[in-house]
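These are my notebook entries on one structure, kept in the order in which I looked things up. Each entry takes one topic.

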Amino acid sequence: MNHFEEQDYTKSFDISLWKKIIRFCAKYKRNFAMMFLFSITLAVVGAVFPQMTGYAIDNFVGTGDLSGLPAFALLYVLLIIFQAANVFAFIYLGGRIETDVSADVREAGFHKLQNLSFSYFDNTPVGWIMARLTSDTFRIGEIVSWGMIDITWAVSIIIFYVVFMLFTNVQLTLIMLVILPILAVISVYFQKRILKAHRESRKLNSKITGAYNEGITGAKTTKTLVREQKNFDDFGKLSGGMRKASIRAATISGIYFPIVSSLTGIGIAVILGQGGSAVIAGTISLGTLVIFISYASQMSEPINQIAQVLSQMQAAQASTERTMSLLETEPDVIDAEDVIAQYGDFENPKPETWNAINGRITFKNVSFNYKTGEQVLSNFNMDVRPGEKIALVGETGSGKSTIVNMLCRFYEPCEGEILIDGMNYKERPQIWLQSNLGYVLQSPHLFSGTVRDNIRYGKLDATEQEIIDAAKAVDAYDFIMKMEKGLDSDVGEGGNRLSTGEKQLISFARAIIKNPAIFVLDEATSSIDTETEQKIQTAIYKILESRTSFIVAHRLSTIRHCDRILVIDQGKILEEGNHKQLLRKRGHYYNLYTNQFKKEAESRILGG
């Protein structure tokens, strides 16, 4: 069960957060400038239309003289066409900006994920990450583009409306302006509550995405354990929680917007009373009153638009906070700046500066504990000669996988140091070490694509002959050639078109093709059938010849020919020696081996 609990965010409006998002917008500043220009132009033309209506009432309707009407009508039509072109332009630009910014944030997120340490993925659910790079980035792109358009248009048109209203009648304008501070106070009050509801909704959305991910990947387990109803109940609680939070946000918004409209309507009613009296008194014309009422009545639309954008920005801030928390996460394992300058890194490697690895591995007083505080290794020492085959055995949780993960520099020691050929491996970049590693996992993972693509994944510039040689080296070539398209056969998502043994053989070929100096097999034969295991064992000892190798093994029969076997218990070496030496000691290894041998024999007898 995953106990991940994401950070709670409580800031109302964080300008520093939005400055970070603006960085993604900088390269589109030309599009933004044009978008702002079209939005302002749209507002100017929108403010002109009521003036034209008032002019028509005073000069055509009021006088009965229609001689200038055709020219007026032509100008009006031209303005409509011009306005339509403005609308098209800013919608096009808004769509471009939304797509581009969202794509850039997703790309930055994917790039960050490639550089984060193993510990991040140990502690962060896949669903949380997926929600950040899908729905949250979409929301950011949406508010940056359409939010900017709407707020620019709304602010611009309010300014132009107020200017024209002031020129029309100062007294009536002041009546309308009294409402604005009241709207501002109400907006601040409601936006805080809308933000809180949206944050809760986004948090639950991450958990729902994670539940979907687990439900899909664990479908077989669900069926075999008959957990459908329990899963449905758990999901129902998450979905119900998000439903309540979303309804709460919608309810608050539903109360907020009618209040804004009502206050605007009250202002218009007062203006109608005052303006009507002025028309009767003859101090203003009917056309002027119509102009003013038109501005006053339309004022509610941009005010509502501003309020809506502010509300959306509050909701988007919850998404932005979470996305930026991913983008700003620093990996636990990083290369020093002087090391990168001399030897490069994953993005800009300098392989011409790298020294070859002979394969001497030394753990010197190494201690390690996870962020949770769990101590795994304490003052651990180990010295491995070049080309030596080392087996690590022990109970689950004894520290075997932690040792090889630290060797690979997926984690680093909390104390002590790890030496490769007598040099602290922190003095070289991670890519130097990991380019010389061949790592085969217990559960092989293949990428969507062909068999050829998956083998070449270990060496992207591999020739056809190198791919064939790697497949033959692990005894995988024959079964590959029996597939419909041979090396061009599609393996399916995660390799689901192949058996576990076939996937493991391809993963071995993928590891071998880059000719690594150090090999790590982490329970690599524990989940395959006996026949495939024999094939792999035959290949292993041929492949591992003259390479320093570490074999984390559950099946002790697979490590009998290793040079040294280390029995690990609670992060310490309990026993050490080769297979025969350890059996003669009749200690912990002897008990493990004989018990396992008896169980396997019983299984064969019962199975036969």
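**Entry 1. The sheet.** I looked up the strand order first and found an open sheet of four strands, E2-E1-E4-E5, with antiparallel pairing. Its edge strands are E2 (375-384) and E5 (423-424), each of which pairs on one side only. I counted two strands as paired if DSSP finds at least two bridges between them. Helices (H or I, at least four residues) and strands (E, at least two) are DSSP runs, numbered from the N terminus. As a reminder to myself, strands of a sheet pair through backbone hydrogen bonds, either parallel or antiparallel.

The model is a predicted one, in which local features need pLDDT of at least 70 and side-chain atom pairs count only at pLDDT 80 or more, while totals for chains, interfaces and linings use all residues. Residues are numbered from 1 along each chain as its sequence is written, and side-chain values use heavy atoms, with hydrogens and water left out.

I then examined the pairing of E1 (residues 361-369) with E4 (residues 415-420), which is antiparallel and runs over five bridges. Isoleucine 361 stands opposite isoleucine 420 of E4. Helix H12 (residues 400-407) lies across E1, E2 and E4, at about 120° to E1. For that angle, axes are lines fitted to C-alpha atoms, for helices over the stretch in contact (heavy atoms within 4.5 Å). Angles run from 0 to 180 degrees between N-to-C directions.

**Entry 2. The chain as a whole.** I recorded 20 helices and ten strands in the chain. Of its 608 residues, 47% are buried. Buried means under 20% relative accessible area, exposed over 50%, and partly exposed in between (1.4 Å probe, protein chains only). Among contacts in the chain with a separation of 6 or more, 77% are between residues 24 or more positions apart.

**Entry 3. Salt bridges.** I took a salt bridge to be a side-chain nitrogen of Lys or Arg within 4 Å of a carboxyl oxygen of Asp or Glu. By this rule I obtained a count of 15.

Aspartate 100 and arginine 96 form one of them, at 3.8 Å from N to O. Because these two residues are four apart in helix H3, about one helical turn separates them. Aspartate 100 is buried at 19% relative accessible area, whereas arginine 96 is partly exposed at 38%.

Lysine 459 and glutamate 466 form another, at 2.9 Å from N to O. Lysine 459 is partly exposed at 25%, and glutamate 466 is partly exposed at 27%.

I next noted glutamate 576 and arginine 564, whose closest N and O atoms are 2.4 Å apart in their salt bridge. This pair links distant parts of the chain, with glutamate 576 in strand E10 (residues 572-577) and arginine 564 in strand E9 (residues 564-569), twelve residues apart. Glutamate 576 is partly exposed at 36%, and arginine 564 is buried at 13%. Shared partners join Arg385, Glu388, Arg564 and Glu576 into one network of salt bridges.

**Entry 4. A buried lysine.** Which side chain of opposite charge is nearest to lysine 112? I found glutamate 330, 4.4 Å away; lysine 112 is buried yet has no salt bridge. In this search Lys and Arg count as positive and Asp and Glu as negative, while His and the chain ends are not counted. Lysine 112 sits in helix H3 (residues 69-115). Its contacts, leaving aside neighbours within four places in sequence, are Leu326, Leu327, Thr329 and Glu330.

**Entry 5. Cysteines.** How many disulfides does a search of the whole structure find? I found zero, with a disulfide taken as a pair of cysteine sulfur atoms within 2.5 Å. I also looked up the accessibility of two cysteines: cysteine 414 is partly exposed at 44%, and cysteine 562 is buried at 4%.

**Entry 6. Proline 349 and serine 261.** Proline 349 lies in the loop between helix H11 (337-343) and E1, and is partly exposed at 37%. Leaving aside neighbours within four places in sequence, I found proline 349 in contact with Tyr343, Gly344, Trp354 and Ile431. Proline 349 and proline 429 are 80 residues apart in sequence, and their C-alpha atoms are 8.8 Å apart.

Serine 261 belongs to helix H8 (residues 228-281) and is partly exposed at 35%. From serine 261 to methionine 299 I noted 38 residues in sequence and 9.9 Å in space, C-alpha to C-alpha.
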